[in-house]
Amino acid sequence: MSEAENPSRSSAPRVTVEDVRELCGASTPHRFRRSNATIRQSNLDHLIIQLYISGGVRGDYGATPIDAGAGSISLLDLGRTVESGAPGFSNINLIVPRDKLPLSLRKRDLHGVILDPKRGSTRLLASHLSQLFHEGSSLSEPERAAAVSAALVMVEGGLFALQDSEVATQRAAGRAVKHAIEKHIDRHLFSAALSPERIAASFHLSRASLYRLFEDSGGVQAHIQRRRLEHAFDALTQPGRMRLGIGEMAYHYGFDSESAFSRAFRRRFAISPRDARALGQARMSAPRQPSMMSSETDLIDDWLSALGTASSRAS
């Protein structure tokens, strides 16, 4: 029997007509269960690519909950457990041995993957599966083998599109979680209990996940310190806001000592806390002079504003 291989994919093994089965199924409402005992007895190691023409399926493919409707394409690994229920349905099934799958598919966990019918790649694969089933008997063996290989390439394409969508969704979710954590930090900025451990517990995150969200800022602890220093800068340069001494401010903003606070403040703003306070007081005490030229007070205002803005941008 002749064989055809996909010349565009070096990772794709040879596929023959004997390797695969194309089936069209229909059923009244039923439940389907494939247990570990059934898997051992059947000794099947195949992937089923299922196109739902009407109806659908809902249940658990292993640990993955699924809900596939008409037009969806589901992937079922016969080496894994299934507990599902379906209303009346009709579908087309392409059954492929695992060792005939392209390497990129064999390396992935495909059990329970659903390809969305709204995606063009899914509709293209659905059309191809339908044509393969209805016209398969008129194709030569090499043509049918090539058509199956093409279907597997389309599955790969659909998975890449799904992966891109998942990445975008994860990034959007990450931004939303980070924004919520930033608001939480600002609300509890002066609490001695504010810590990465408490934040991780409050948002049900691991420490590693929390760090990744704030990795660009040097971690969540660095973000907390930066926000505290920014508040301290405003308090020092606007004397009416706080009348604490530098040492008292250090403890108020979560530092162990005045020297630690001063070092962090200088690293952040290139000026000491005492000098920042002196400039703020000079601004408050300098008389306003009606003039077309900027007064000394205006220059101080502009300098302090620029200093704070530059620091925020650097973060």
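These legends go with close-up views of a predicted model.

**View 1. The largest pocket.** About 230 Å³ of space lies in this pocket. Its lining counts 17 residues, and those closest to the centre are His30, Phe32, Gln50, Tyr52 and Phe89. Five strands give two or more residues each to the lining: β2 (30-34), β3 (46-54), β4 (57-61), β7 (82-86) and β8 (89-97). Strand β7 makes the largest contribution, with four residues. By class, ten residues of the lining are nonpolar and seven are polar. None is charged.

**View 2. The second largest pocket.** The space in this pocket is about 180 Å³. Gly174, Arg175, Lys178, Ser209, Arg212, Leu213 and Glu215 form the lining. Helices α4 (141-187) and α6 (207-213) each bring at least two residues to it. Four residues of the lining are charged, two are polar and one is nonpolar.

**View 3. The second largest cavity.** Two cavities of 30 Å³ or more occur in the structure. This view is of the second largest, which holds about 30 Å³ of space. Around it stand Leu47, Asp77, Arg98, Leu101, Leu105, Arg106, Arg108 and Leu110. This lining divides into four nonpolar and four charged residues, with no polar ones. Where is empty space left among the atoms? Rolling a probe the size of a water molecule over them shows this.

**View 4. Strand β8, covered on both faces.** How many of the nine residues of β8 are buried? The count is nine of nine, so the strand is mostly covered. Phe89, Asn91, Asn93, Ile95 and Pro97 point one way from β8. Ser90, Ile92, Leu94 and Val96 point the other way. Residues of both sets are buried. Phe89 also appears in View 1, among the residues closest to the centre of the largest pocket.

**View 5. Strand β3 beside strand β8.** These two strands pair in the antiparallel sense. Eight bridges join them. His46 stands opposite Pro97 of β8. Both β3 and β8 also give residues to the lining of the largest pocket.

**View 6. Asn91 in strand β8.** Asn91 is part of strand β8. Is Asn91 buried or exposed? Its relative accessibility is 3%, and buried means under 20%, so Asn91 counts as buried. Ser72 is 19 residues away from Asn91 along the chain. The C-alpha atoms of Asn91 and Ser72 are 9.9 Å apart.

**View 7. Helix α3 and its buried side.** Helix α3 covers residues 120-135, which makes 16 residues. At 1.5 Å a residue, the helix should span 22 Å. Its end C-alpha atoms are 22 Å apart, which agrees. Thr122, Leu125, Ala126, His128, Leu129 and Leu132 are buried in α3. Why do these residues lie on the same side of the helix? They cover an arc of only 165 degrees around the axis, which puts them there. Leu124 and His134, on the other side of α3, are exposed.

**View 8. Helix α7.** Helix α7 takes in residues 220-237, 18 residues in all. The expected span, at 1.5 Å a residue, is 26 Å. The end C-alpha atoms lie 26 Å apart, in agreement. Many residues of this helix are listed as buried, among them Val220, His223, Ile224, Leu229, Phe233 and Leu236. Arg226, Arg228 and Glu230 of α7 are buried too.

**View 9. Asn43, a loop residue with positive phi.** Asn43 is found in the loop between α1 (36-42) and β3. Phi of Asn43 is near 55 degrees. That is a positive value in a residue other than glycine. The relative accessible area of Asn43 is 67%. Exposed means over 50%, so Asn43 is exposed.

**View 10. Ala270, a loop residue between two helices.** The loop between α9 (258-269) and α10 (273-285) holds Ala270. What is the phi of Ala270? Phi is near 60 degrees, a positive value in a residue other than glycine. Ala270 is exposed, with a relative accessible area of 65%.

Conventions:
Residues are numbered from 1 along each chain as its sequence is written. This is a predicted model: local features need pLDDT of at least 70, side-chain atom pairs count only at pLDDT 80 or more; totals for chains, interfaces and linings use all residues. Side-chain values use heavy atoms; hydrogens and water are left out. The expected span of a helix is 1.5 Å times one less than its number of residues. Buried means under 20% relative accessible area, exposed over 50%, partly exposed in between (1.4 Å probe, protein chains only). The arc is that of the directions from the helix axis to the C-beta atoms. On a 1 Å grid over the protein atoms alone, a cavity is a set of points where a 1.4 Å probe fits but cannot get out, and a pocket is an open set with protein on both sides within 12 Å along at least five of seven lines; lining residues have an atom within 4 Å of a point. Grid points are joined across faces, edges and corners, and a volume is the space filled by probe spheres set on the points. Ala, Val, Leu, Ile, Met, Phe, Trp, Tyr, Cys and Pro count as nonpolar, Asp, Glu, Lys and Arg as charged, and the others, Gly among them, as polar. Two strands pair if DSSP finds at least two bridges between them.
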